[in-house]
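This briefing sets out the overall form, helix packing and charged pairs of the structure shown below. The points are grouped by topic for reference alongside the coordinates.

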Amino acid sequence: MEQLSLFDMPDGAAPLSAPLADRLRPQKLEDYIGQEHLLGNGKILRQMLAQDLIASMIFWGPPGVGKTTLARIIAGQTKSRFINFSAVTSGIKEIKEIMKQAEENRCYGIRTLVFVDEIHRFNKAQQDAFLPYVEKGSITLIGATTENPSFEINAALLSRCKVFVLKSLTEKDLTLLLTHALEDKRGFGSMNIHMASDILPAIASFSNGDARIALNTLEMAVLNGEICPDGSLSITGDTLEQCLGKKSLLYDKKGEEHYNLISALHKSMRNCDPDAAVYWLSRMLEAGEDPLFIARRLIRFASEDIGLADSQALPLAVAAYQACHFNGMPECNLNLAQAVIYLSLAPRSNAVYAAYEKAKKDALDMLSEPVPLVIRNAPTSLMSDLQYGKGYVYAHDAAEKMARMTCLPENLKDRRYYLPTEEGAEKTWKERLEKSRQFRLGASPEDT
């Protein structure tokens with residue numbers, strides 16, 4: 001637990017012996033990089049700060065996006081005493097001690113901002129200990145979490161806090177941050193450093209939106225740079241490769257190679273070639289690709305190329321995404337490999353994809369087609385008088401569990417979007433669909 005008064009710190013700056021990420025921690029909102037959706041001009045959090053209307057809040061986002069830094073800036077701007085809690089090391093006793101001190105400070109007009117890192121690690125009793133003080137306004141609570149607060153934070157506490165979602169920093173944000181580190185005297189501004197133009201973008205790409213990783217990587221590269229005869233420092237691609245432990249410079253996650261490789265993976269799976277698919281998967285993962293990006297593409301593939309031919313493909317792809325989220329690299333490499341092999345060997349059908357594309361075209365070309373009266377809702381007597389819902393049959397009440405109603409607009413009543421194949425389980429869906437269509441066209445149940 002750390003208790004700091006910002007008034008007792010001349011700059012709020014870390015000593016030069018501290019890690020680069022601490023030395024460069026912004027002290028003012030103007031120096032903060034990222035989260036434009038919250039802090040840009042006219043955005044909600046910036047307006048709250050400008051009007052000094054800060055309430056208790058939860059910052060939800062991945063590591064290294066500036067949750068702690070933003071809390072410190074808010075404390076400084078609102079002239080509050082900043083108290084940093086760790087949910088790992090602090091208990092109810094420490095909470096009560098700080099709350100007592102906060103109550104006393106409030107009597108003297110001193111506001112207290114309590115920052116709880118990893119608040120999801122607090123148990124229910126610990127979280128409940130904050131409740132009375134948040135309600136009374138004794139403290140402003142800012143909790144930081146990498147987990148969904150809807151599941152990890154008590155409903156009573158969550159209802160008293162505003163949740164702000166912080167996003168991973170973009171490669172542009174990280175490149176700007178790294179450039180600043182090279183220019184700022186708190187960083188390496190006093191050093192003469194030479195490096196190729198692609199070094200900083202490569203570090204930004206490797207860091208996956210995490211500012212701490214980006215700055216730590218840059219610091220490692222500088223510490224391992226080659227000292228030139230004139231006293232300057234040279235950082236080459238080889239230097240960075242040694243620091244990263246992989247050939248990340250060979251793979252630009254925003255360039256042509258990125259799209260070439262994901263295309264190779266997708267088309268290898270589509271062609272039922274698990275050997276090629278696993279090879280392209282490993283090429284991307286070992287070069288530093290975000291496993292969640294690959295997992296998202298697998299989810300798309302499961303519906304686009306397999307669909308109902310194997311209804312387990314989509315749940316498996318979603319499970320692979322969740323495994324990547326839980327495990328991270330390198331542990332999730334096998335989760336992705338399992339999904340890639342399964343999807344490569346599953347039955348193929350693009351009928352779901354084709355159905356949506358055809359329906360989308362009609363939807364865009366015929367935007368004003370009215371909903372048939374029979375399937376309109378009739379919550380008022382006027383709507384009933386206008387025959388909304390007249391003739392509607394609740395399918396579950398029918399012996400066949402379906403009714404002879406036309407649910408498409410009149411001009412589209414003969415359209416057929418979903419045309420299932422004979423592949424895998426889709427053959428069964430095709431038979432069921434044909435019976436359904438024939439029944440709705442008037443055939444008797446025995447005929448279908």
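Contact here means heavy atoms within 4.5 Å of each other. The model is predicted. With contact so defined, the buried residues of helix 10 pack against helix 9 (171-183), strand 7 (193-195), helix 11, strand 9 (233-235) and helix 12 (237-244).

**Overall form**

- The protein chain contains 20 helices and nine strands.
- Its radius of gyration is 29 Å, whereas a compact globule of 448 residues would have a value near 22 Å.
- Taken along the principal axes, a box of roughly 85 × 60 × 40 Å holds the C-alpha atoms of the protein chain.
- Of the 448 residues in the protein chain, 42% are buried.
- Among contacts in the protein chain with a separation of 6 or more, 71% are accounted for by residues 24 or more positions apart.

**Helix 10 and its surroundings**

- Helix 10 (residues 199-206) is largely enclosed by the rest of the structure, because six of its eight residues are buried.
- The buried residues in question are Ile199, Leu200, Ala202, Ile203, Ala204 and Ser205.
- Asparagine 208, just after helix 10, adopts a positive phi of about 50°.
- Helix 11, one of the elements against which the buried residues of helix 10 pack, spans residues 211-223 and includes glutamate 219.
- Glutamate 219 has a relative accessibility of 16% and therefore counts as buried.
- Leaving aside residues up to four places away in sequence, glutamate 219 touches Pro19, Leu20, Arg23 and Phe188.

**Packing of helix 15 with helix 16**

- The axes of helix 15 and helix 16 (residues 313-327) come within 8 Å and cross at roughly 175°.
- Helix 15 is therefore roughly antiparallel to helix 16.
- On the helix 15 side, the contact involves Pro291, Leu292, Ala295, Arg296, Leu298, Ile299, Ala302, Ser303 and Ile306.
- On the helix 16 side, the partners are Ala313, Leu314, Ala317, Val318, Tyr321, Cys324 and His325.
- Classified by residue type, the contact between helix 15 and helix 16 comprises 13 nonpolar, two polar and one charged residues.

**Salt bridges**

- Side chains of opposite charge can pair when their charged atoms come close.
- The structure has 18 salt bridges, including the three pairs described below.
- Lysine 136 pairs with glutamate 103, and the closest N and O atoms are 2.7 Å apart.
- This pair links distant parts of the chain, since lysine 136 belongs to helix 6 (residues 124-136) and glutamate 103 to helix 5 (residues 92-107), 33 residues apart.
- Both partners are partly exposed: lysine 136 has a relative accessibility of 44%, and glutamate 103 has a relative accessible area of 21%.
- Arginine 270 forms a salt bridge with glutamate 304, with the closest N and O atoms 3.3 Å apart.
- Arginine 270 lies in helix 13 (residues 256-270) and glutamate 304 in helix 15 (residues 291-306), so this pair ties together parts that are 34 residues apart in sequence.
- Arginine 270 is partly exposed at 36% relative accessibility, whereas glutamate 304 is buried with a relative accessible area of 15%.
- Glutamate 357 forms a salt bridge with lysine 360, the closest N and O atoms being separated by 3.4 Å.
- Glutamate 357 and lysine 360 both belong to helix 18 (residues 351-365) and are three residues apart, about one turn of the helix.
- Glutamate 357, with a relative accessible area of 28%, is partly exposed, and lysine 360 is partly exposed at 33% relative accessibility.
- Arg270, Arg300, Glu304 and Asp305 are joined into one network by salt bridges that share partners.

**Asparagine 148**

- Asparagine 148 sits in the loop between strand 5 (140-145) and helix 7 (149-152).
- With a relative accessible area of 22%, asparagine 148 is partly exposed.
- From asparagine 148 to cysteine 407 the C-alpha to C-alpha distance is 39 Å, and the two are 259 residues apart in sequence.

Definitions and conventions. Residues numbered from 1 in each chain as written. Predicted model: local features only at pLDDT ≥ 70, side-chain atom pairs only at ≥ 80, totals over all residues. Heavy atoms only, no water. Salt bridge = Lys/Arg side-chain N within 4 Å of Asp/Glu carboxyl O. Helix = DSSP H or I, 4+ residues; strand = E, 2+ residues; numbered from the N terminus. Buried < 20%, exposed > 50% of the residue type's maximum accessible area, 1.4 Å probe, protein only. Axes fitted to C-alpha atoms, helices over the stretch in contact; angles between N-to-C directions. Parallel < 35°, antiparallel > 145°, perpendicular 65-115°, else oblique. Nonpolar A, V, L, I, M, F, W, Y, C, P; charged D, E, K, R; others polar. Rg over C-alpha atoms; globule rule 2.2 N^0.38 Å.
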